[in-house]
Amino acid sequence: MSYSAQTRLRDIPVRVVRSPANAAEGAKPAVFHRRRRAVQLLALVLIVLVPTTGLFRIDPIAGALVVLNRQIWFSDFFLFFGLWIFLATVMVFLYSIAGTVFCGWVCPQNSVAEWANYLTRKFLGKRAEVSLDGAPVRVTASKDRLLNWAVLALCFVGASMMVALVPMLYFYPVSAVWSFVSLRPDPALAGSLYWIYTVFVLIVLLDITVLRHFWCRFICVYRVWQHSFKTRQTLHIAYDASRASDCQGCNYCVSKCFIDLDPRSTDVFDSCINCGECVDACNRMHEKQNKPGLLRFEFGERADHAQAIASKRNNEYSLLGRSRWALPFSVLGLAMFVWGIWSYEPYHLSVDHGTGAAGQAITDYQIAIANKQYREGNVRVLVTGIDPQNYRLSADALTLGQVQHQSLTLSISPQLKHGLYPVQIEVRAQDGWVGRFQFQHFAG
């Protein structure tokens with residue numbers, strides 16, 4: 001064939017069309033990978049949004065918890081304790097049914113570690129690996145250059161500095177954190193905060209450069225709590241041993257497991273985090289033969305085809321039975337939280353009597369009003385039970401800043417006629433809240 005004919009044949013566009021019967025199977029290979037990346041990204045966004053939107057954080061200056069942008073005092077016991085019970089029982093349901101899915105799909109530690117693995121392989125080669133057994137990092141010869149190492153180091157340091165800011169959001173408002181970043185003075189910031197931040201940066205840097213998934217495999221005490229609820233019925237990776245001949249000479253699923261496990265022989269208590277990467281890898285390998293992979297997610301132990309339906313039903317009953325005891329606590333916690341929100345007092349009113357001279361009646365009272373919200377509030381103060389001509393308020397209206405408290409003085413005339421007077425202090429806020437405090441004043 002002449003050269004011109006070969007050129008014409010080469011220029012003919014070729015389009016590979018997948019048959020409809022195999023189209024569904026061809027769409028499977030990376031389904032878990034894509035979904036997991038979306039969940040991981042959403043989890044990281046939520047970790048930042050939770051404190052910045054006021055859903056939950058800690059106010060170190062006031063020494064109080066903040067839930068839904070409101071300070072939680074001991075008097076708001078139902079709100080906080082109900083939320084804690086509800087979240088704890090929801091996690092029990094998650095661990096009992098889905099096992100370690102939280103670790104593989106939500107945990108920020110694993111998300112950051114995977115990102116560090118990706119950058120390491122991008123700049124140092126596909127086989128680059130960090131190990132804690134003392135072996136040097138394996139680097140591709142063509143990428144063992146100073147520029148690659150420098151860019152990788154800068155990425156790790158920059159990421160460490162960014163991640164170390166996240167814990168600060170749980171203790172300081174966004175404005176204070178921005179003042180910290182921009183090196184502007186802020187009375188809300190502690191003087192030693194820069195040292196604390198430096199320690200956090202070093203810890204994160206150590207984690208993403210050296211520890212990575214070693215933390216998940218051997219250090220994380222959180223997994224002990226998870227394993228307390230795992231059984232053979234909990235979601236796990238299952239292997240189709242009946243097709244073991246299709247698996248000979250292939251360790252692709254093992255190479256894709258960043259926890260260094262063999263997905264074909266997982267157990268109840270192991271380091272598997274149910275990420276699904278091995279399932280995607282196995283499906284990808286068998287896609288060319290138009291066959292499903294040998295790995296899949298499954299509840300309960302694998303049964304043969306004749307027992308599959310009954311086994312699935314038994315697994316469901318077992319899971320429901322193990323989590324049924326937590327349901328009343330979950331409902332109780334949710335009810336307590338809703339009641340806490342409904343009965344929440346955004347302001348706090350208290351009245352304390354002053355100290356008079358020995359043998360003399362008390363005529364001055366201190367009225368303290370606290371704003372528990374992270375927004376400004378305006379209140380008016382009314383006194384009933386005594387003729388307005390016989391008392392004097394230092395102020396009858398106050399503007400309270402965010403989580404601020406102020407005091408005013410009620411002075412009752414010493415010329416008041418002898419007797420016992422029931423006095424009521426009423427405080428009305430601009431947002432509709434009304435607080436009352438009653439006490440007895442003795443005029444002698």
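These are my notebook entries on a predicted model of a protein, from the overall counts down to single side chains.

**Entry 1: the whole chain**

I began with the broad numbers. The protein has 444 residues, and 36% of them are buried. I counted secondary structure next and found 16 helices and 13 strands. For contacts with a separation of 6 or more, I looked up how many link residues 24 or more positions apart, and the share came to 67%. The exposed surface is about 26600 Å², with carbon and sulfur atoms supplying 63% of that area.

**Entry 2: helix α10**

I then picked out helix α10, which runs over residues 193-211 and so has 19 residues. Its first and last C-alpha atoms lie 25 Å apart, close to the 27 Å expected at 1.5 Å a residue. Which residues of α10 are buried? My list reads Leu-193, Tyr-197, Val-201, Val-204, Asp-207, Ile-208 and Leu-211. I was glad to have a reminder of helix geometry at hand: with 3.6 residues a turn, residues three or four places apart point the same way.

Where do these buried residues pack? Their partners are α6 (108-124), α7 (146-163), α8 (166-169), α9 (174-181) and α11 (213-219). Just after α10 comes Arg-212, and I noted its positive phi of about 50°.

**Entry 3: aromatic pairs**

A search of the whole structure gave me ten aromatic pairs. One of them joins Phe-77 and Phe-81, stacked at 5.0 Å centre to centre with 15° between the planes. Why do these two sit about one helical turn apart? The reason is that they are four residues apart in helix α4, residues 77-98. Both rings are partly exposed: Phe-77 has a relative accessible area of 38%, and Phe-81 has one of 33%.

I also looked at Trp-115 and Phe-156, an edge-to-face pair at 6.1 Å centre to centre and 65° between the planes. Trp-115 belongs to helix α6 and Phe-156 to helix α7, so this pair ties together parts that are 41 residues apart in sequence. Is each ring buried or partly exposed? Trp-115 is partly exposed at 34% relative accessibility, while Phe-156 is buried at 6%.

Back at Phe-77 and Phe-81, I found that they share one aromatic cluster with Phe-78 and Trp-84.

**Entry 4: charges over rings**

Two cases went into the notebook here. Arg-57 lies over the face of Tyr-374, at 4.9 Å from the ring centre. Lys-372 has its charged end over the ring of Trp-73, 4.9 Å from the centre of that ring.

**Entry 5: two residues of helix α7**

Since α7 is among the packing partners of α10, I checked two of its residues. Asn-148 lies in this helix and has 9% relative accessibility; that is under 20%, so I filed Asn-148 as buried. What does Asn-148 touch, leaving aside its neighbours within four places in sequence? The contacts are Phe-123 and Lys-143.

Met-162 is also in helix α7. Its relative accessible area is 58%, which is over 50%, so Met-162 goes down as exposed. How far is its C-alpha atom from that of Val-201? The separation is 8.5 Å, for residues 39 apart along the chain. Val-201 is one of the buried residues of α10, so I closed the page with an exposed residue and a buried one side by side in my notes.

Notes. Residues are numbered from 1 along each chain as its sequence is written. This is a predicted model: local features need pLDDT of at least 70, side-chain atom pairs count only at pLDDT 80 or more; totals for chains, interfaces and linings use all residues. Side-chain values use heavy atoms; hydrogens and water are left out. Buried means under 20% relative accessible area, exposed over 50%, partly exposed in between (1.4 Å probe, protein chains only). Contact means heavy atoms within 4.5 Å. Accessible areas come from the Shrake-Rupley method with a 1.4 Å probe; for residues, only the protein chains shown count as cover. The expected span of a helix is 1.5 Å times one less than its number of residues. Rings of Phe, Tyr and Trp (its six-membered ring) pair if their centres lie within 6.5 Å; planes under 30 degrees apart count as stacked, over 60 as edge-to-face and the rest as tilted. A charge sits over a ring if NZ of Lys or CZ of Arg is within 6 Å of the ring centre and within 35 degrees of the ring normal.
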